[in-house]
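Have your viewer open and your selection tool ready. We will move from stop to stop, and at each one you will hear what to select and what is there.

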Amino acid sequence: MRIVVAIGGNALLKRGETLSWENQRINMRDAAAALAEVARSNTLVLVHGNGPQVGLLALEADAYKAVPPYPLDALGAESQGMIGYLIAQEMRRALPSRNVVALLTQTVVDAKDPAFQHPTKPIGPVYSEIGAGGLAGPRGWTMAKDGASFRRVVASPQPQRIVEADAIAVLVEAGALVVCTGGGGIPVIENDDNSLEGVEAVIDKDLGAALLAHDLDAGRLVILTDVDGVYENWGKPEQRLLREISATDIDPGSFAKGSMGPKIDAACRFARATGRPAFIGSLAEARAVVEGKAGTRIDP
C-alpha cells in the first residue's frame, strides 16, 4: 500500500532536549527503526516537521548583523536539506536495500491568505515568559503560549499546490522511499507569469502531507507524533482516548491550534477528499498505528 507518513518534530527532538545535531541523530535512528517496520511491506513517503530547526536557523541568522536576516522561505529550504539529509541517512541504515531520496519541495500558497495577518505556527525553541517578552519587542516577533512556555509564532497559510508533486510520483513509482514536503513545503506564491516567489511563512506539515497524500492517491495518511492518539478533554481528569472518529462529526477547531488541531484537520481533509482513512498515533507504535491496532482512526 502507498502510505504518506507525517512525522513531527519529536522524531528529531524530544520536548525539553537541547537542539543539538547529536540529539537529533539519536532520536531519528530510533524513529527510523519504527518507520522501517512499516516501509518493509508498504510504499512509504515521508513528510517531516521543521519547527524547532527553522526557528534555530532564524535565531542564528538574526545574530549575524553583517547581512540582513534570511527570509523564512530560505530558512525553510535550508532546514529541508538538513533534516532530509539526516532522515535519508538513518532510513538507509535501517533499510540498506532501499533507495532513499530527499527532495527539496515547494508549496504554493495564496498571497492573500488571512493567515499572514494572524500568525499561529510555533517555531524555534521554547522560552519563559520573561525571555519571550525580551524577544518580542526588539525583534518584532509574535510570541504565544505553548503549554507552560512561550514560542515564536509565524504565519501559516493554507497549502494550495505542491510544485514537485509529479516528480515525487515518478520517484515513488520507481520504488524509492521519498523524503519530501518538509515543514509542509517551502512557501511560495505563483506570479502572473507562472514564476515562483518565496514568502515569509511556515506551512503546517500535516496539511502539506494531506495534500500530498491526495495527489499521490495514497491508500492512507498517517500522522505520527509523541502522543498515542486523539484525546477528548486532553489534560483534564476526564480525558479519554478516541479510537475511531468520523471526519463529519469531529471539529478540529475544538482542539489546540498549535498541536493536535492541525493534525485532526489534515486527517479529516484527506478522509473526506479520498474516502480513505487517516490515522493519528505515536511514532513509537508506527506499525500498529498503520494497521489500525493503535492510535486514532479517522474515517470519511
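The tour below starts with a strand, moves on to a sheet, and ends with salt bridges and a surface patch.

A word before we set off: this is a predicted model, in which local features need pLDDT of at least 70 and side-chain atom pairs count only at pLDDT 80 or more, while totals for chains, interfaces and linings use all residues. Residues are numbered from 1 along each chain as its sequence is written, and side-chain values use heavy atoms, with hydrogens and water left out.

**Stop 1: strand E2**

Select residues 43-48, which make up strand E2. Helices (H or I, at least four residues) and strands (E, at least two) are DSSP runs numbered from the N terminus. Five of the six residues of E2 are buried; buried means under 20% relative accessible area, exposed over 50%, and partly exposed in between, with a 1.4 Å probe and protein chains only.

Now add strand E1, residues 2-7, which pairs with E2 in the parallel sense over six bridges. Two strands pair if DSSP finds at least two bridges between them. To see one of these bridges, pick Arg2, whose partner in E2 is Thr43.

Next, pick His48: is this residue buried or exposed? His48 is buried, at 3% relative accessibility. Leaving aside neighbours within four places in sequence, its contacts (heavy atoms within 4.5 Å) include Ile7, Gln80, Ile83, Cys180 and Lys205.

**Stop 2: the four-stranded sheet**

Show E8, E4, E10 and E11, which form an open sheet in that order, with mixed pairing. E8 and E11 (196-198) stand at the edges with a single partner strand each, so one side of each has no neighbour in the sheet. E10 and E11 pair in the antiparallel sense over three bridges, and Glu190 stands opposite Leu196 in E11.

Then bring in helix H3, residues 72-94, which lies across E10 and E11 and runs at about 135 degrees to E10. For that angle, axes are lines fitted to C-alpha atoms, for helices over the stretch in contact, and angles run from 0 to 180 degrees between N-to-C directions.

**Stop 3: salt bridges**

Keep Glu190 selected and add Arg161: the two form a salt bridge, with the closest N and O atoms 3.1 Å apart. Glu190 lies in strand E10 (residues 186-190) and Arg161 in strand E8 (residues 161-162), so the pair ties together parts that are 29 residues apart in sequence. Glu190 is partly exposed at 37%, and Arg161 is partly exposed at 35%.

A salt bridge here is a side-chain nitrogen of Lys or Arg within 4 Å of a carboxyl oxygen of Asp or Glu. How many salt bridges does this rule give? The count comes to 13.

Two more pairs to select:

- Arg240 and Glu232 meet at 2.9 Å, N to O; Arg240 is partly exposed at 44%, as is Glu232 at 33%.
- Glu291 and Lys293 have their closest N and O atoms 3.3 Å apart; Glu291 is partly exposed at 41%, whereas Lys293 is exposed at 64%.

For a network of salt bridges, select Arg25, Arg29, Glu90 and Arg93 together.

**Stop 4: a nonpolar patch**

Finish with Tyr64, in the loop between helix H2 (51-63) and H3. Tyr64 is exposed, at 53% relative accessibility. Add Val67 and Tyr70, and you have a nonpolar surface patch with about 350 Å² of accessible area together.

Terms used
Patch = residues over 30% accessible without salt bridge, like charges linked within 9 Å, V, L, I, M, F, W, Y side chains within 5 Å. Areas by Shrake-Rupley, 256 points an atom, 1.4 Å probe, with all protein chains shown as cover.
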